[in-house]
Amino acid sequence: MPKINPTTISFYLLYPVLLGISILPFPVLYFISDYFLYPILYLFIGYRKKVVSENLKNAFPDKSEEERKGIEKRFYHFLCDLFVETLKGITISEKELLKRCVYEFDSDLTDKWYREQRNFIVTLGHFGNYEWLAMTLDAKFKHKGSGPFHKMKNPYFNGMFAKMRMKFGTHMYPTYETYKRIEKGYDRPFLVGLANDQSAPPLKSYWTTFLNQDTSFFYGTEKVAVQFDMPVLFCAIERTKRGYYKAVYKLISDDPKGEKANSTIEKHARLLETQINIQPELWLWSHRRWKHKKPEKKNGNPVRAKN
């Protein structure tokens with residue numbers, strides 16, 4: 001008798017359900033978000049509620065308990081929206097998605113980079129519907145859209161979401177292949193989307209004050225920019241109304257090699273902090289961003305490694 005693989009079974013049992021949800025119209029999806037997912041996730045299960053509450057308390061010490069509670073509830077509502085919107089990505093048309101995710105950027109500048117055969121970096125946080133952003137990168141720029149992603153343990157679901165993210169042209173690859181992929185390049189100038197707001201290892205990261213607390217940031221974005229001489233744009237995602245987003249691109253550096261060490265990361269941190277303060281409920285507060293503490297004995301931040 002052939003061995004039954006639980007991973008395979010779980011995928012084939014859940015996939016029809018996820019596909020069925022994906023084909024539903026947006027009003028029905030948001031009904032599910034409001035009256036099914038939100039009560040279960042927030043009121044009954046209390047998914048990472050302690051983590052969210054602590055993160056908000058430390059990030060906004062000047063806000064009242066009532067204000068923070070309001071942000072918390074709006075965050076969980078958005079988290080449920082993000083779930084159904086992500087599933088909608090499986091079947092959504094390119095026309096519909098481009099209508100719901102608009103871009104604002106200096107096309108003269110990016111066109112100049114394109115003519116000069118210069119690749120560039122888009123740096124951002126896990127804010128708003130970053131999944132839809134990934135899906136639209138290739139469709140919105142002349143540059144080839146690309147970016148790394150963390151592989152899921154279940155290879156079937158990993159393949160499903162990878163296919164979803166790439167169906168409009170954006171090329172996605174495992175995080176560990178980032179340098180190899182950049183070195184190999186594409187048949188035209190390309191951009192790389194790099195999220196930088198996860199909790200970075202304390203002794204191998206850049207430390208700064210972010211949301212009123214010591215916070216570590218990965219060096220990767222700046223290291224890649226300097227090593228490959230890639231200009232850097234910050235992407236601030238705004239939710240204009242439910243199910244609609246605007247991605248505003250702001251120049252961080254046109255000459256990363258000429259910047260002071262850690263300048264690119266610091267600018268990223270400040271722009272992300274501003275974005276969070278404007279629409280705090282759109283950031284992933286359920287992640288343990290501050291699980292690492294700044295080492296007590298540390299003579300400043302490490303100098304950027306030479307390439």
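Which residues make the nonpolar surface patch of about 470 Å²? In this predicted model, the patch is made by Leu43, Phe44, Ile45 and Tyr47. One of these residues, Phe44, belongs to helix H2, which covers residues 26-45. With a relative accessible area of 69%, Phe44 is exposed, because the exposed class begins over 50%.

## Helix H11 and its surroundings

Helix H11 spans residues 263-278 and contains 16 residues. The distance from its first C-alpha to its last is 23 Å, close to the 22 Å expected at 1.5 Å a residue. The buried residues of H11 are Ser263, Thr264, Ile265, His268, Ala269, Leu272, Glu273, Gln275 and Ile276. An α-helix has 3.6 residues a turn, so residues three or four places apart point the same way.

The cover over the buried residues of H11 includes several strands, among them E2 (120-124), E6 (206-210) and E7 (213-217). Strands E8 (232-241) and E9 (244-253) also contribute to this cover, as does helix H10 (220-227).

H11 also carries a salt bridge, formed by Glu266 and Arg270, whose closest N and O atoms are 2.3 Å apart. These two residues are four residues apart in helix H11, so about one helical turn separates them. Arg270 counts as partly exposed, at 27% relative accessibility. Elsewhere, Asp34, Asp81, Arg239 and Arg242 are joined into one network by salt bridges that share partners.

## Strand E3 and its parallel neighbours

Strand E3 comprises residues 144-149, and five of its six residues are buried, so the strand is largely enclosed by the rest of the structure. E3 pairs with strand E4 (residues 171-174) in the parallel sense, over four bridges. Within this pairing, Phe149 stands opposite Pro174 in E4. E3 also runs parallel to strand E5 (residues 190-195), to which three bridges join it. Here Lys144 stands opposite Phe190 in E5. In a regular strand the side chains alternate between the two faces of the sheet.

## Thr221 in helix H10

Helix H10, part of the cover over H11, contains Thr221. Is Thr221 buried or exposed? Its relative accessibility is 8%, and Thr221 therefore counts as buried, since the buried class lies under 20%. When residues up to four places away in sequence are not counted, Thr221 touches Ile121, Thr123, Leu194 and Asn196.

## Salt bridges

How many salt bridges does the count come to? The count comes to 21 salt bridges. Three of them are listed below with the separation of their closest N and O atoms.

| Salt bridge | Closest N and O atoms |
|---|---|
| Glu116 and Lys112 | 3.1 Å |
| Arg118 and Asp229 | 3.6 Å |
| Glu266 and Arg270 | 2.3 Å |

In the Glu116 and Lys112 salt bridge, Glu116 is partly exposed at a relative accessible area of 40%, and Lys112 is likewise partly exposed at 31%.

Arg118 and Asp229 form another salt bridge. Arg118 lies in the loop between helix H6 (107-115) and E2, and Asp229 lies in the loop between H10 and E8, so the pair ties together parts that are 111 residues apart in sequence. Arg118 counts as buried, at 18% relative accessibility, whereas Asp229 is partly exposed, with a relative accessible area of 33%.

## Residues with positive phi

Asp229 also has a notable backbone angle: its phi is positive, at about 50°, although Asp229 is not a glycine. This residue thus combines a positive phi with a salt bridge to Arg118 and a position in the loop between H10 and E8.

Where is Asn212 found? Asn212 is found in the loop between E6 and E7, two strands that are included in the cover over the buried residues of H11. The phi of Asn212 is near 65°, a positive value in a residue other than glycine. At 54% relative accessibility, Asn212 counts as exposed, while Asp229 is partly exposed at 33%.

Note on methods
Residues numbered from 1 in each chain as written. Predicted model: local features only at pLDDT ≥ 70, side-chain atom pairs only at ≥ 80, totals over all residues. Heavy atoms only, no water. Patch = residues over 30% accessible without salt bridge, like charges linked within 9 Å, V, L, I, M, F, W, Y side chains within 5 Å. Areas by Shrake-Rupley, 256 points an atom, 1.4 Å probe, with all protein chains shown as cover. Salt bridge = Lys/Arg side-chain N within 4 Å of Asp/Glu carboxyl O. Buried < 20%, exposed > 50% of the residue type's maximum accessible area, 1.4 Å probe, protein only. Expected span 1.5 Å × (residues − 1). Contact = heavy atoms within 4.5 Å. Pairing = 2+ DSSP bridges.
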